[in-house]
Amino acid sequence: MGKKITILTSSSETPDISSGDVGVLVECASDSKFAIKYGDFIHIHSLIGNLENTRRLACDLATKIVSGEPFLRGVPQLNVFHEVLSAKFHGILHVIQLHDFLLAEGYSECEFHSASWWGDSLRNLIHIIGSTIMIITPNSLHQTKLSKCFNRISSGKFSWDILYSELKRVIDYIDPFHRRSIFLKKFKKIKIEKKKPWFYSTAVSFSNIGLLYESFFPEPFIFLAENSLTGGKPLKEKKRNYVNLYDYAAPEFIPNHNELRRSIDIIHQHISSIALDSHESVARSMFLSSSWLAIFYLRLLPNGLFASSIFENWINFTEPSAVMVGNQVFEGYCLYKARDKKIPTILFQHGVLADYYPYSDHPVDSYVVRGHFFYERLSAVSQKRAVILNPPAHDVDNSKDVSVQYIIFVTTPFEARALTLDVDLESILRTLILTISSTRMELVIRVHPLERIIDYKLKVEALLKECGAKVIISYSQGGGLNELIANAVAVVLFGSTVFLDCIKYQVPVISVDWYDFACNPKIKQHEIFHVAENLADFSRLISVACGGQLKSNFDSAKMFLAETSEEDFTSTIQKIM
């Protein structure tokens, strides 16, 4: 009888396993509940290989796939999603590595205890290559769009803002080409300003970074927003006018069935014709059968063709002096059209340049990053077009309100990460709660906008009951982040951009070594993070923070947030504009 392995992919499961080996595809500490339960289990890196090396290989493969891609309506439609492709190949390559591990170790049977992307993908790989390994996995239960919609509405306590947001989401799904906007613009008087700098935004954080940099430019930006609830939201809050992207749409921009069919055939033929080695060819076969590519053909490609024509029309009307963005994915249509017209393009850093930036490049003339640390995160070819400019801060007060004592736990939407790996969040929260319970420290749980406060309340209440601990806990979401961080004793986070605010206000940061954050190895060199090696070390760091003794080396802060003078800022901007 052959060898069997049972693989766990959920942090919530520790089942009794009577036979065979146990593999854990969960990011967990060496002293986690999995170690206690199973002892010498097989860890992530043994199962699927080195995450960073595979990240590089995935990005290289994505670059090969889009290399020489035909332009459709003046844009390489698949290449716009280069970062997404890198993430998809990252997962696919790890699945192949998992199969290679099973084969090398002589396993004839692999059982997944619960339904997961890993089980489904490995079964698909087995079918493609004709492997003899038996895969046992429960059928995946996919949450319907309706149930997701209801969850978002209920988490928002049926507020008008949430109901309106969901209604708009439904309308956008039904009318992806914004025919209602095209109709209504007949009754709008559109003021066209030519030869001005424009900032195009598709998200709240991107608009905020545009607003942050704007005051240091020779003249104000004209903001172009795709959605009033995303890129338009912070602009409305600051009473800033902005232009709706679909003011430049027209009925003839909507692709017809024949064009879509031809476009799909062209892209599919291109992907299939790229010369790859045998290993890469298997990855390509998995990609060609992936649900993401099906969605690309069904929704993203027609929307992309439509957007390509809108941006060409917008540029013809407004003749921008420069085009600036805070991201490079859905903004890609705009960037390619601007590049074709030789209009200067600038990409502002909005996050931490974590995953794929070191191995890729984007269609922009200039990158603007906030410190030398992030400059080094860019690929060699991108660095040649990059400048370091951090907006001078005039409002930073590092004094603290000593009457308030709290530690912030910043949540992360793990399911939104590039790689589908669960995290043993329960053990981290339990350790945090137990450690704080012996002090008078308050715990503030800062919930990410893509997550729900109610979900964390339920988790925490269950842990408090289980541990018998008493801790003052509050929850935060939305505005007020700067003040919250400025007065914190310490902040616990995993790969969040909030760490830049922690540096700004000189607040110690605690993270964990077992979470895949691509910047961690380099950050550790600067000693600006306290990275726990295991749960015991995590508890120790929390205890030190509660005692007010946790110190960080903020001497290297300027590596992350450069000290740019207004004079240097102005002169550099003039050069790249």
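**Inside and outside a predicted 577-residue chain**

Ala 486 sits in helix 19, which covers residues 481-486. This is a predicted model, and Ala 486 makes a handy starting point for the question of what is tucked away and what is not. With a relative accessibility of 10%, Ala 486 counts as buried, because the cut-off for that label is under 20%. From Ala 486 to Tyr 359 the separation is 127 residues in sequence and 35 Å in space, going from C-alpha to C-alpha.

Next comes the chain as a whole. Of its 577 residues, 54% count as buried. The chain holds 24 helices and 19 strands. Along the principal axes, the C-alpha trace spans about 70 × 65 × 50 Å. For a compact globule with 577 residues, the radius of gyration would be near 25 Å; the chain has 25 Å, so the two agree. The accessible surface comes to about 26600 Å², and carbon and sulfur atoms account for 53% of that surface. As for contacts, take those between residues at least 6 apart in sequence: 67% of them join residues at least 24 apart.

Helix 9 gives a view of the packing. This helix runs through residues 204-214, and its buried residues are Phe 206, Ser 207, Ile 209, Gly 210, Leu 211, Tyr 213 and Glu 214. What do these buried residues of helix 9 pack against? Their partners include four strands' worth of neighbours, namely strand 6 (197-201), strand 7 (222-225), strand 10 (345-348) and strand 11 (366-369). Helix 10 (233-237) and helix 24 (566-576) are also packed against the buried residues of helix 9.

Strand 10 and strand 11 turn up again in the story of empty space. Rolling a probe the size of a water molecule over the atoms shows where such space is left. A search of the whole structure turns up one cavity of 30 Å³ or more. The largest cavity contains about 40 Å³ of space. Its lining is made by Leu 347, Phe 348, Gln 349, Leu 353, Tyr 357, Tyr 367, Val 368 and Val 369. Which elements give two or more residues to this lining? They are strand 10 and strand 11, and strand 11 gives the most, with three residues. By character, the lining of the largest cavity splits into seven nonpolar residues, one polar and no charged.

Pockets are a separate matter. The second largest pocket holds about 490 Å³ of space. It is lined by 24 residues, and those closest to its centre are His 45, Leu 51, Asp 513, Trp 514 and Tyr 515. Two or more lining residues come from each of strand 3 (26-27), helix 2 (44-48), helix 3 (51-66) and helix 21 (520-526). How many residues of this lining are nonpolar, polar and charged? The lining of the second largest pocket has twelve nonpolar, five polar and seven charged residues.

The loops bring a change of scene. The loop between helix 8 (179-184) and strand 6 is home to Phe 187, and Lys 195 lies in the loop between helix 8 and strand 6 as well. Is Phe 187 buried or exposed? Its relative accessibility is 64%, so Phe 187 counts as exposed, given that the label applies over 50%. Phe 187 and Tyr 475 are 288 residues apart along the chain, with 45 Å between their C-alpha atoms. Lys 195 has a relative accessible area of 54%, so Lys 195 is exposed. Its backbone stands out too: phi of Lys 195 is near 60°, a positive value in a residue other than glycine.

Arg 73 is another residue with a positive phi, about 55°, although it is not a glycine. Its place is in the loop between helix 3 and helix 4 (82-104). With a relative accessible area of 22%, Arg 73 is partly exposed, because that label covers values between the buried cut-off of 20% and the exposed cut-off of 50%.

Glu 461, found in helix 18 (residues 453-467), also counts as partly exposed, at 48% relative accessibility. Along the chain, Glu 461 and Ile 473 are twelve residues apart, and their C-alpha atoms are separated by 9.9 Å.

Methods:
Residues are numbered from 1 along each chain as its sequence is written. This is a predicted model: local features need pLDDT of at least 70, side-chain atom pairs count only at pLDDT 80 or more; totals for chains, interfaces and linings use all residues. Side-chain values use heavy atoms; hydrogens and water are left out. Buried means under 20% relative accessible area, exposed over 50%, partly exposed in between (1.4 Å probe, protein chains only). Contact means heavy atoms within 4.5 Å. On a 1 Å grid over the protein atoms alone, a cavity is a set of points where a 1.4 Å probe fits but cannot get out, and a pocket is an open set with protein on both sides within 12 Å along at least five of seven lines; lining residues have an atom within 4 Å of a point. Grid points are joined across faces, edges and corners, and a volume is the space filled by probe spheres set on the points. Ala, Val, Leu, Ile, Met, Phe, Trp, Tyr, Cys and Pro count as nonpolar, Asp, Glu, Lys and Arg as charged, and the others, Gly among them, as polar. The radius of gyration is taken over C-alpha atoms; the globule rule is 2.2 Å times the number of residues to the power 0.38. Accessible areas come from the Shrake-Rupley method with a 1.4 Å probe; for residues, only the protein chains shown count as cover.
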